[in-house]
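Please load the model in the viewer and keep the selection panel at hand. The tour below proceeds from one selection to the next and states what is found at each stop.

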Amino acid sequence: MRTRFNPKAIEQMNAFDRYIKDKEAIQSILDKNKEKKIFLEIGMGKGDFITSLSQLDKDNIYIGVEVSPPVLALAVKKLQRYEEENNIRIDNLYFMSFDAIELSSIFNEGQIEKIYLNFSDPWPKKKHAKRRLTNEKFLEQYKKVLKEHGQIEFKTDNRELFEYSLVSMQNFGLKFIEVYLDLHKTDIFNIQTEYEKKFSPFGPIYKIVVEY
Ligand code: SAH
């Protein structure tokens, strides 16, 4: 997603108390919540999915990771507006900005319950395959931070990325728990993301759940 740099939005993001800037800050929060489970969405975009999910499970902690600060600034704005309109404070949801390739330098071994990947950038050119969030380099990072038998839930509308991910996950030795070739034709529980709402009219949504 190309989003223009807006200095004022970045300033507002930096001032937002649940925008967490580094490892030290997030670990100090997690230290105070040792009995809770931690769920991550990587590449959260504007954050509708993880915000909704966090509200269905207020006893646990949800962290949205987004590499692009201008995109994350939009997510912060959206969350602030949502809290104001509903006169609530969502205190089990945090946002962070870093590249998922650095996941294991932010979180400890076995610290994460589950990772959600929604509509990850497809990087269609073969020479960019290493940037796909289901590339083995990323699967290694997820393995480092996930608990034993931790899961990844992955959704996409991109057939090529879906096919690539099946092979990549299989080669990594992950166990397939669920595969859907047309998620919206099933009745399984689903929270739609911004991209999902935008792209599902044009074709099926694919979903995989895998376990380490
Ligand atoms: N999950 C959202 C947004 C999908 S677009 C939705 O479904 O609506 C994919 C997002 O992933 C973009 O915002 C992009 O900036 C982010 N992203 C891409 N590579 C990333 C990486 N290596 N680490 C973290 N976020 C990444």
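In which sense, left-handed or right-handed, does α1 pass α4? The model under inspection is a predicted one, and the first stop addresses this question.

**First stop: α1 and α4**

Select residues 7–15, which form helix α1, together with residues 69–86, which form helix α4. The crossing of α1 past α4 is left-handed. The axes of α1 and α4 lie 9 Å apart, and the packing angle is about 65°. Angles of 65 to 115 degrees count as roughly perpendicular, and α1 and α4 are therefore roughly perpendicular to each other.

Next, display the side chains at this contact. On α1 the residues are A9, I10, Q12 and M13; on α4 they meet P69, P70, L72, A73, V76 and K77. Sorted by class, this contact of α1 with α4 comprises eight nonpolar residues, one polar residue and one charged residue.

**Second stop: the sheet**

Switch to a cartoon view and colour the strands. Seven strands make up an open sheet with mixed pairing, and their order is β3-β2-β1-β4-β5-β7-β6. At the edges are β3 (93–96) and β6, each of which pairs on one side only. On average, neighbouring strands of this sheet are turned by 15° against each other, direction ignored.

Keep the sheet visible and add α6. This helix packs on the sheet and touches β1 (38–42), β4 (112–118) and β5. The direction of α6 makes about 140° with that of β5.

**Third stop: β7 and its partners**

Select residues 206–211, strand β7. Six of the six residues of β7 are buried, so this strand is largely enclosed by the rest of the structure. Both of its faces are covered: on one side Y206, I208 and V210 are buried, and on the other K207, V209 and E211 are buried.

Now add β5, residues 146–156, which runs antiparallel to β7 and is joined to it by six bridges. Two pairs of residues can be picked out here. F154 stands opposite I208 in β7, and T156 stands opposite Y206 in β7.

Then add β6, residues 175–180, which pairs with β7 in the antiparallel sense over five bridges. Among the positions to label is Y180, whose bridge partner in β7 is K207.

**Fourth stop: α6 and α7**

Select residues 136–145 for α6 and residues 159–172 for α7. These two helices pack at an angle of about 55°, with their axes 10 Å apart. That makes α6 oblique to α7. The crossing of α6 and α7 is right-handed.

Display the side chains in contact: E136, L139, E140 and K143 in α6 meet S168, M169 and F172 in α7. By class, the contact of α6 with α7 has three nonpolar, one polar and three charged residues.

**Last stop: L174**

Where is L174 placed? Centre the view on this residue, in the loop between α7 and β6. Is L174 buried or exposed? Its relative accessible area is 7%; since buried means under 20%, L174 is buried.

Finally, show the contacts of L174, leaving aside neighbours within four places in sequence: L139, M169, V210, E211 and Y212. For a distance check, pick the C-alpha atoms of L174 and L30, which are 27 Å apart in space and 144 residues apart in sequence.

Technical notes:
Residues are numbered from 1 along each chain as its sequence is written. This is a predicted model: local features need pLDDT of at least 70, side-chain atom pairs count only at pLDDT 80 or more; totals for chains, interfaces and linings use all residues. Side-chain values use heavy atoms; hydrogens and water are left out. Axes are lines fitted to C-alpha atoms, for helices over the stretch in contact, and angles run from 0 to 180 degrees between N-to-C directions. Helices (H or I, at least four residues) and strands (E, at least two) are DSSP runs, numbered from the N terminus. Angles under 35 degrees count as roughly parallel, over 145 as roughly antiparallel, 65 to 115 as roughly perpendicular and the rest as oblique. A crossing is left-handed if the near helix is turned anticlockwise from the far one by less than a right angle, and right-handed if clockwise. Contact means heavy atoms within 4.5 Å. Ala, Val, Leu, Ile, Met, Phe, Trp, Tyr, Cys and Pro count as nonpolar, Asp, Glu, Lys and Arg as charged, and the others, Gly among them, as polar. Buried means under 20% relative accessible area, exposed over 50%, partly exposed in between (1.4 Å probe, protein chains only). Two strands pair if DSSP finds at least two bridges between them.
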